[in-house]
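User: I am new to this structure. Please show it to me, and then I will ask how the terms are justified.

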Amino acid sequence: DNIIPGVSNYFSSTYVNGGDAISVVVKQRDGRPIKIEGNELSSLTQGGTNAQAQASVLDLYDTARLRYPMANGKEATYEVVDKMIAEGIAASAGKSLVLLTSTLNSPTTLQIISEFLGKFPGSRHVQYDAVSYSGMIQANQASYGRAALPSYHFENAKVIVSLGADFLGTWLSPVVFSNQYAKTRRIKAEKPEMSRHFQFESHFSLTGANADERYLHKPSETGALAVALLEALGGNTSANLQGKVAEGIHKAAAELNANKGAALVVCGSNDPNVQIIVNAINEAIGAGGKTIDWSSTANYRKGIDAEMIALTNDLNAGNVGALLIYGANPAYSFMAAGKFISGLKKCPLTVSFSEKMDETTELCKFTLPAHHWLESWGDAEPQTGYISLIQPLIHPLFKTRPFQTSLLKWVGNSLDYENYFKNYWTNKVGGIDNYNKALQDGVINSVAANSSANAAKGSSAAKVNDSLAVNLENAVGGVPSFSGATFTGNIAEATAKIGNIKGSAVELILYKKISLGNGVHANNPWLQELPDPITKATWDNYAMISPAMGKSLFNIDIFNRRDTDNYEVKPDKPVVKITSNGKIIELPILIIPGIHPNVVAIAVGYGRQSNDKSKTGEYIGKAATGSGINAYPFATFNGSTVDYFAPATIEKTGNTYVLAQTQVHNVTEGRPIVRETTLTNFISDPKEINREEEEELAKYGNDFVKDATIYPYFDKPGIKWGMSIDLNTCTGCSACVVACHAENNIPVVGKREVARYHEMHWLRIDRYFTGDHENPDVIFQPMLCQHCDNAPCENVCPVSATNHSSEGLNQMAYNRCIGTRYCANNCPYKVRRFNWADYTGADSFPDNQRGEISDATMMMNDDLSRMVLNPDVTVRSRGVMEKCSFCVQRLQDGKLNAKKADRPVLDGEIQTACMQACPTNAIIFGNVNDKESRISKIRNEEQKERTFYVLEQLHVLSNVNYLAKIRNTSRVVGDIHDEKTEQDLHETAPS
């Protein structure tokens, strides 16, 4: 009743996916959720999000969602299904009832499950994670008597050592860790210092791309590295390592020893013995109570591999009378999926609560689809003592029902989940007023957590309510002060078992991407078309191999210009056959530097398909159809936990396969597109970063802006918008890219069009390799329209469709554009996008969506999916140019609000979508003419020596500046531009 047509409302909620939970604020327009933002009141995420959370609003409008309950594959009513299931449960008496779920950290849901299982003697709850952390949990049980995960505090670490843990990309809670990590990497001009980050890994992860020191090893050697590190720290172990990785271990050990109490070691291995050694290392460096906190455990992953194996055996033995499945899809992701499927078929009663059809749900006798999280009530406790609440943003679109309501009904409870949830939290927080306040804020934290959040966010952000926290302290039990735990792990036994791990000549390793993750979002076209930060590939997985392996297999030398031009530009990539543990798949290869010479890396989460393959598009979804190959079958069980690496053989097939990449050239060829230096050099000579370019620009006069041009100079009073991007804290996570998609109605074009370089991303993240050929450094550079004051696009448009505003914006008048594309040709940054086809069904041509274009646009031109569109932004038809607008709709809204309040626009009041989504606060936006604004302070005072503009020598006068990358290393850093490359360039250059 408080909705005003055309005016957006904002409600706090929580994005949940398995054990993942991110506190968010949802923009609702005329009853439709259309945009996800981070909740700044959360002391965990502090306003950050990731790509999956940003894209999850599109899942709400997925045309492949289940729309009604089903019995034996046919539509039924809930009354009929409830009766049939009750009869089935009664008939299965004498056999166990099992509830199989993904990790759950919802207090109310866990209480309902406890009440439900209490009604059925012998029943049990099994939690299963598609990518397991069981090894850590078991190691912590052995080491500390706690079958749980601690919380980590990277912000307290001066030295960080990661053994294959991609904590900035996919490991546990990257949004939380990215925010913490960025605090140790942000350079302060008055006292330049930063943490030192060592990464030991087998393939290029997002975290490895941000490391100061990076070393390569085979996956089977992870345990040996942990043992060697403990030995170097003075532990009573023995290890035999040689070469560069041994040097890296000794360097890391020296740094850890020098920073005891301010250091942290994390590990991505799922072997409990390796994790016991890592626990011993953290004990040796005093991490407990400083960078590792056992007083507030992390509840992101709870699955125990042995329990899943036991359930599979029980199903096949006929011991399970009823299996209820919620949020888990083991028929697709379990390493013994075939055995699970055979057992599932033997179970008399199988029920799925999945909101979408998946490989497991297809095999179940009953389907009771649950709400999407944006239609739901609920809660989450991602860390003990930190509660995040969920409230619905839209009435359920289909005949769905909360999973919790079903359990309540089946035990005779007359309450539905909404009322159960409300009663639970009203009693917990002490009254309806506190309940409403908690729902409004979206989070319930302790006083200590709130104080920490206030200190971290500063005065410009909304303050959390400390008085409410006092009232709610009892509701969450409080968060005790930092504490460690007594270590009781058996180091000798763990070391001996690690010594029994045998390597092989070639090994494969499975990993998750920041886009699709474990595969739940496979039918989300925003995520399918999101370029991988390392490979820049979309829509597929592939075999990522090293330059050495590419040279030996295909005689392709990616550092030789003649080879590279042929390999890079052609999207057809060679296909290899990979064999491991008797399983065979064929995948195209991508040759990427920074991978161990004897390792093949494959992403999981792809290859989703119906059991009836002809119905994959109908059941799993159009976007998921034909996207990659399922690599989960390569995982193995070592008798205790699931391993995500294995011995492998790789051989050529002679075939090729088209991979769609958005960036195919990896280096800058010596051009100052990105700038970097070491911390030592920066401290000794801050001006060194820009000196060479400044000397070049000085040739044009005393003032490059005014003197180096034929144009007359004009003052630019009033508001002048500008953006600053810190390359030190941009991790490449790509949350900004998806946020830009959602905010600005950017169309999905499909794999075929991306392969033709017709992608429509307004914001892209360029990735450059620098330094050593075999193990390079990486720089991520978000690239968008630079809103140049001397914009070369503007003076070539024959119809003035692209023009300059008085506030420094390069504007686009879509209905004036006639599609000459002269502007794109004249843009040195290549950030303008042309609509080659009617990707969103916006224009009137009746035959414009036939054939391949219709397939490529997936579901984005469906009436249901178009509900996600932002009505404040034009939906563009074909034949027009589009690009970043600095979210001009947000600028106008902010100015109008300020005008109504009779005041100027406040600094930080207006945020672009990319800035707001960033978990590391790497992007700053504001009025550069305001001398007190953050961006003005950064450019002219705080980061003056690090500030640079891309292609500044062209005198386009960009309104986007970057802060140079600083590495805390003693190595020489710089472009891959050595004599060999120079020779190749010389030989292939035209005479």
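Analyst: This is a predicted model. In it, Ile585 touches Val576, Lys577, Ile578, Ile602, Ile629, Asn630 and Phe634, leaving aside residues up to four places away in sequence.

User: What makes these residues count as touching Ile585?

Analyst: A contact needs heavy atoms within 4.5 Å. Phe634 is one of the residues that touch Ile585. The C-alpha atoms of Ile585 and Phe634 are separated by 9.5 Å, but the cut-off applies to heavy atoms. Along the chain, Ile585 and Phe634 are 49 residues apart.

User: Why is Ile585 called buried?

Analyst: Buried means under 20% relative accessible area. Ile585 has 12%, so Ile585 is buried. Ile585 lies in strand E24, residues 583–591.

User: What makes strands E39 and E40 edge strands?

Analyst: The open sheet has 4 strands, in the order E39-E32-E41-E40, with mixed pairing. E39 (923–927) and E40 (947–948) each have a single partner strand, so one side of each has no neighbour in the sheet.

User: How do you know that E40 and E41 pair?

Analyst: Pairing takes at least two bridges between two strands. E40 and E41 (residues 960–963) have 2 bridges, so they pair. The sense is antiparallel. Phe948 has Tyr962 in E41 as its bridge partner.

User: What packs on this sheet?

Analyst: Helix H32, residues 934–942, does. H32 touches E32 (721–726), E39, E40 and E41. The directions of H32 and E32 make about 60 degrees.

User: H32 also helps line the second largest pocket. What makes this space a pocket and not a cavity?

Analyst: A pocket is an open set of points, whereas a probe in a cavity cannot get out. The second largest pocket holds about 1,200 Å³ of space. Of its 37 lining residues, the closest to the centre are Val705, Arg939, Asn940, Tyr949 and Glu952. Helix H24 (688–697) gives the most to the lining, with 4 residues. By class, the lining has 13 nonpolar, 9 polar and 15 charged residues.

User: How many cavities of 30 Å³ or more are found, and what lines the second largest?

Analyst: The whole structure has 17 cavities of 30 Å³ or more. The second largest has a volume of about 360 Å³. Among its 29 lining residues, Asp20, Asn50, Gln52, Gly169 and Pro174 are the closest to the centre. Strand E2 (20–29), helix H1 (51–60) and helix H5 (174–183) each give two or more residues to this lining. The lining divides into 13 nonpolar, 12 polar and 4 charged residues.

Key: Residues are numbered from 1 along each chain as its sequence is written. This is a predicted model: local features need pLDDT of at least 70, side-chain atom pairs count only at pLDDT 80 or more; totals for chains, interfaces and linings use all residues. Side-chain values use heavy atoms; hydrogens and water are left out. Buried means under 20% relative accessible area, exposed over 50%, partly exposed in between (1.4 Å probe, protein chains only). On a 1 Å grid over the protein atoms alone, a cavity is a set of points where a 1.4 Å probe fits but cannot get out, and a pocket is an open set with protein on both sides within 12 Å along at least five of seven lines; lining residues have an atom within 4 Å of a point. Grid points are joined across faces, edges and corners, and a volume is the space filled by probe spheres set on the points. Ala, Val, Leu, Ile, Met, Phe, Trp, Tyr, Cys and Pro count as nonpolar, Asp, Glu, Lys and Arg as charged, and the others, Gly among them, as polar. Axes are lines fitted to C-alpha atoms, for helices over the stretch in contact, and angles run from 0 to 180 degrees between N-to-C directions.
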